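Me: Could you take a close look at one part of this protein with me? I would like to understand a single strand and what surrounds it, in words I can follow at the bench.

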Amino acid sequence: MDEELSEGLVNPVQEPAPPRSLKELIDRVTGRGLPAVIEAGDAGLAEVLPFPFMALVGQLEMKVALMLTLINPAVGGVLLIGPRGTGKTTAVRSLVDLLPEVPRSLCHYGCMPEDIELDGMDAVCPDCAQKYARGEALARMDRTRMVELPLNATLTDLVGGIDERAVLHDRMRLRRGILAHADQNVLYIDEVNLLGDELVDAILDAAAQGIYTVRRGMLAATYRARFVLFGSMNPEEGRLRPQIMDRFGLRLIVRGLQNPDDRYEAYQRSIAYRRNPRLLISQYARETQIAREDIQNARDNLPFTTIPPQVSRLGLDLIQKLGIDSLRAEISLFEAARAYAVADGRLEVNPNDLRQVAPLALRLRRSQFMQDFFAERQLEEEEISNTIEAVYQRG
Ligand SMILES: [Zn+2]
């Protein structure tokens, strides 16, 4: 494997699959395949020198979708669908350096000062209530993290369970699972279509509520789980249940790079990264810094960004004409359009913003199954009433 990437043997004409080597490369440097480590606030394997986002070649729609979601989490996450070796995983992991800052609880249970402001002292744990009374901070600003769900994760890894270390000291305590670690963070699930139903259900419940409760014997704890969901999948390896498909705001079909020059450029950058990741990262440090500041600014201005009625009517018209049932279509379409406008430095959404994000928000929303289902039911209804008619006429 190493030989095929080493100098001298590389022939771009005979080796036309640089994204595949890139993926393998990133997989290796990010330690994929190592056992999942879910300890002390760090469940992610993705923070080991990721490939710089700004050095990714092409894939404009993918970059736009990922950045819109960082600007406005209400977009509802991104699902990347495509064959192996098209850079889906690389792109998601590369976002680490662009992630904005969020206020983060200093407490095991995720208590926040706004809980007290909204619902009083009973809304936080006793420790935090005391800290608040003493005027101590319950949260601090911290970079959003990328938490990756390993495919071999168990339900206990995901939601949490008995803290074995505490048991050794004769104490019973629950420890947080991946979902709690994902609070105010990005949760990334590679090969999301291969995830067990039990895990998918737990993720969907937590995502819908923003909190979840774990019970183990006498112990129970409720954790926050407000996260941005990124998923990727290869459709050759199995379909995704409609419930989880519906949960992703933006949907992307990721193809390999089509232009040979782009492919060669991607290949060269992957080689440069492999030789010296720090050097490549430093070459893109300035662009990365600018992009991170732009995302943070856009986030700060998002609350002031509005959609005029004539633009929202366009969107509603589009959704109706396409025959889409799920209300998540409106949410993703309009929230993505707001992010697009504010990223462009405007506080009002125009028709072009909507147009740019519409394919992302609306594709894969129509269900062939539901259409067939409704058609079949109608046939059955007719058959039943005809039979009733016939039987009763005979009588
Ligand atoms: Zn607390």
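Reply: Happy to help; what follows is a walk around strand 1, then the sheet it belongs to, and finally a pair of helices from the same chain.

Please keep in mind that this is a predicted model. For orientation, the protein chain has 395 residues, of which 37% count as buried, and its secondary structure comes to 18 helices and 11 strands. Among contacts with a separation of 6 or more, 78% join residues that are 24 or more positions apart.

Now to strand 1, which spans residues 78–81. In a regular strand the side chains alternate between the two faces of the sheet. Here, Val78 and Leu80 lie on one side, while Leu79 and Ile81 lie on the other. Are these four residues buried or exposed? All of them are buried, and both faces of the strand are covered.

Next, the partners. Strands of a sheet pair through backbone hydrogen bonds, either parallel or antiparallel. Strand 1 pairs with strand 10 (residues 228–233) in the parallel sense, over four bridges. Strand 11 (residues 250–253) is also a parallel partner of strand 1, again with four bridges. Leu79 is a handy residue to click on: Gly231 stands opposite it in strand 10, and Arg251 stands opposite it in strand 11. One step along, Leu80 has Ser232 as its bridge partner in strand 10.

Zooming out, the sheet is an open one of five strands, in the order 4-7-10-1-11, with parallel pairing. Strand 4 (146–148) and strand 11 have a single partner strand each and stand at the edges, so each has one side without a neighbour in the sheet. On average, neighbouring strands are turned by 20 degrees against each other, direction ignored.

Finally, a look at how two helices of this chain meet. Two packed helices are described by the angle between their axes and the distance between the axes. For helix 15 (residues 309–321) and helix 17 (residues 351–362), the axes come within 10 Å and cross at roughly 30 degrees. Because of that angle, helix 15 is roughly parallel to helix 17. Their crossing is right-handed. Helix 15 brings Val311, Leu314, Gly315, Leu318 and Ile319 to the contact, where they meet Pro351, Leu354, Ala358 and Leu362 of helix 17. By class, eight of the residues in this contact are nonpolar, one is polar and none is charged.

Notes:
Residues are numbered from 1 along each chain as its sequence is written. This is a predicted model: local features need pLDDT of at least 70, side-chain atom pairs count only at pLDDT 80 or more; totals for chains, interfaces and linings use all residues. A residue is buried if 20 or more other C-beta atoms lie within 10 Å of its own, exposed if 12 or fewer, and partly exposed in between; C-beta atoms are placed from the backbone. Helices (H or I, at least four residues) and strands (E, at least two) are DSSP runs, numbered from the N terminus. Two strands pair if DSSP finds at least two bridges between them. Axes are lines fitted to C-alpha atoms, for helices over the stretch in contact, and angles run from 0 to 180 degrees between N-to-C directions. Angles under 35 degrees count as roughly parallel, over 145 as roughly antiparallel, 65 to 115 as roughly perpendicular and the rest as oblique. A crossing is left-handed if the near helix is turned anticlockwise from the far one by less than a right angle, and right-handed if clockwise. Two residues are in contact if their C-beta atoms, placed from the backbone, lie within 7 Å. Ala, Val, Leu, Ile, Met, Phe, Trp, Tyr, Cys and Pro count as nonpolar, Asp, Glu, Lys and Arg as charged, and the others, Gly among them, as polar.
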